[in-house]
Amino acid sequence: MSDATKPPNGSGSQSPGIIGKRVPKLDALDKATGRAQYGHDVTLPGMLVGKILYANVPHARIVSVDIARAQKLRGVRAVITGANNPGRKFGYGTDNTPLKGDKVRCRRDEVAAVAAVDEDTANEALELIRVEYDELPAVFDPRAALVEGAPKIHHDKPSNLFTRYDYSHGDAERAFDSADVVVEGDFDLPYVTHSAMETAFCLAAFDLQGHLTVWSTTQIPFLLQRDLSEALGIPGREIRVIQPTIGGSFGRGLDVYPFEPITVQLAQATGKPVRISFSRTEEFFASAHRQPAIVRMRSAARHDGTLWAREARLVLDAGAYISWGAVTPLVMMETVASLYRVPHAKFVADVVYTNNLPTGAMRGYGNPQSTFFTEVQMDELAEKLGMDPVEFRLKNANQPNEETPQGLKITSCGLRECITEAAQRIGWESRAATDERRFETDEPHVRRGVGIACTLNVGGGARIYRSDGCGATVKVDDFGRVTLVTGSTEIGQGSETALAQIVAEAMGVRLEDVTVINSDTSVKPWDVGVHASRTTFIAGNAAWRAAQDAKRQILAHAAQMLNVSADALEIGDRIVRVKDDGRQVAFDKVVRALHYREGGTFVIGTGWYDPPTQLVDKDTYKGNISAAFGFGAQAVEVLVDMETGKVRVLRLVAAHDVGRAINPMYCEGQIEGGVQMGVGYALTEELLVRDGQILNPTFLDYRVPTALDMPEIETVLIETADPEGPFGAKGVGEMGGTPTAAAIANAIFDATGVRLRRLPMTGERVLAAIIKGESNAASQTEP
């Protein structure tokens, strides 16, 4: 951006305004009092309940679907099958259809759907549908799926390999030959699910002109318009998407899923509004989850502590259909190739079809996986070098204003500050002591350990679409009320409040005078969606531009009223005043004066921001995908019971480079929420999938950490004032949970002397590793 269209980055003296203030969320009272209307609260006259019949067989030809009995059930208004599909495929891999007509490829596949007057009737109708299958051989291991002769998931594809990512810079093979220290190991990372408080929901209704309105928990309302159009053959201009209050998403809503076009098909078939809302078990069963990863990783260094080379080879299970989760290797390779200064790197990832459930986008978008195996090996290298892990990281840390071999243009960078703050606050100096007593606790079988891990994350969007832009308008009414209409989406992260603060600061108005509208595609301007920690950065820049445009119009007319230049004026406390002599006019009076005149007009400012980034080269995977990058370091203190393997995280220090904290309270909230997901990824959360079936589809068996499981968290916000960010801000939404598992694994090693490379690190696995380590130590000492 030119200086004229760029918000101040917060360097130097800071204004006494609203930026940097800890103000409550705009929707806090509505949510706290139950007034907020979530998707499950939305009802329309005559609305029907939709339900889906799933195959529950992993691989089979559909011989027949008998819906006659279901159609005759009182209260049933429609039953549809694959025969009702419009003959189009949809999704990132263009390999999916709403209902399956000839073949099912996983247990989640949708075979039929019903619309009925109530939920009980809909469920009874599903029980009356009879499906005959001719079962086929299935494959559940992505490595086995790559073997010649393996059952083919999609016969119109050449093989089960959807795609291979192959990235390199430098000369990794020769670098390993010339390295002084090399570590290598295999990592096994599990399925994990989003666990949003609100389950997925979709409501579809047609008006009498045939226009479609969809209410959805989507994160991508404008792309959902496009995807529904492609899936169903309805012109996109005839589709309106409304987002009610959304109770969390964490990446679940980043793609279109079959239940959404199915809801529309049922509404078409009945001529009535139809709603499908998932039960909690259905949420586990029918959502796309974080990909499991099978990883072979090696890293190398020189004797002087210089990080020298990395090589990662991954097999990723995409499941039966391709979602946006297939793009996560772009983020994974970023960690391998660009976290710290790495002169040589090689990254290969195979994305593979299996008969398992589809995997997709989840908070961090591949970064929690890659940060785990990368940061565990950073500790292993330091150990092998005889070097302190903190000093090793500091020596190789990324620096401001440098470009990585991968093409990432790092502007602001506080990685060194994050490492230093996290280490100091956790008491790292005690870890450096050689005294055995540092491990001791009040219980002789419990040992103490300290670990650290770092992270690199996109902080200024991520150009995975042709446009990474967002639009905004700012309208000022006769009474001085400022309304921001933003293309961005609020999913509980607090973006509405941050954007209102940006507009209030840019215009010089009170925060309580700003309203944010962002829920209706027929009203708001275009935006690509909420992902990649992009909203504050990209939507914030667009909002700032719109606010500046509106402010310019107001100041121009006030200048005529006060007979001064616009540059001589300022806005504050609902007043436009002359800076030098104090003459003033009421803010709302200026707005009214603009249109209470011959040839009058109203005040509306517009803003559009698309960051100066590029799609990565499709052959080399190099390019600057984000306009800014966030960094962080987390240090943890753990207790490990050597008799049971149980790990307890006592304290965690999370130091993160946020550029500038528009609202420190919500930066802290995002980081601490990420830490909670990171603790679960590290210690308890694993979606158990056997033969394509989820074995623990409830919160009784899928163990999300509760408040009682959480450590004391100290959040440290490192402000580096990014030159491209609004008032210096960078995105912070995802990085809170990225380094947590690696930091905990490194702390467990510090306490026990055993390395864990499989997640989650349950008590059973930790104890098995301790016993194996003791057994190996004993065998080495035997004569």
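Q: If angles under 35 degrees are called roughly parallel, over 145 roughly antiparallel, 65 to 115 roughly perpendicular and the rest oblique, which word fits α17 and α18?
A: Oblique, because the helix axes cross at roughly 50°. Helix α17 covers residues 664–683 and helix α18 covers residues 740–752, and their axes come within 8 Å. Helices here are DSSP runs (H or I, at least four residues) and strands are E runs of at least two, numbered from the N terminus. Axes are lines fitted to C-alpha atoms, for helices over the stretch in contact, with angles from 0 to 180 degrees between N-to-C directions.

Q: Before I go on, what am I looking at?
A: A predicted model, where local features need pLDDT of at least 70 and side-chain atom pairs count only at pLDDT 80 or more, while totals for chains, interfaces and linings use all residues. Numbering starts from 1 along each chain as its sequence is written, and side-chain values use heavy atoms, leaving out hydrogens and water.

Q: OK, back to α17 and α18. Is their crossing left-handed or right-handed?
A: Right-handed, meaning the near helix is turned clockwise from the far one by less than a right angle; anticlockwise would be left-handed.

Q: Which residues make that contact?
A: From α17 you have V675, G678, V679, Y681, A682 and L683, and from α18 there are T740, A741 and I744. Contact means heavy atoms within 4.5 Å. By class that contact has 7 nonpolar, 2 polar and no charged residues. Nonpolar covers Ala, Val, Leu, Ile, Met, Phe, Trp, Tyr, Cys and Pro, charged covers Asp, Glu, Lys and Arg, and the others, Gly among them, are polar.

Q: And α10 with α18, what's the angle there?
A: About 35°, with the axes 8 Å apart; α10 is residues 367–385. The crossing of α10 and α18 is right-handed. T371, F372, E375, V376, D379 and E383 of α10 meet A741, A742, A745, N746 and F749 of α18. The split in this contact is 6 nonpolar, 2 polar and 3 charged.

Q: How do α15 and α16 pack?
A: At about 90°, with axes 9 Å apart, for α15 (residues 535–562) and α16 (residues 587–595). That's why α15 is roughly perpendicular to α16. On the α15 side it's Q553, I554, H557, A558 and M561, facing F587, V590, V591, A593 and L594 of α16. This contact has 8 nonpolar, 2 polar and no charged residues.

Q: Switching topic: what are the domains?
A: Domain 1 is 28–36 + 469–609, domain 2 is 39–136 + 194–286 and domain 3 is 289–462 + 616–772. Those bounds come from an automatic or database domain assignment.

Q: How much area is buried between domain 1 and domain 3?
A: About 1400 Å², with carbon and sulfur atoms giving 64%. That's the accessible area (1.4 Å probe) lost by two parts on being put together, summed over both. A532, S533 and F537 supply 41% of what domain 1 buries against domain 3, more than any other three residues.

Q: Where's the cis peptide bond?
A: Between L759 and P760, with omega about -5°. P760 is in the loop between α18 and α19 (763–781).
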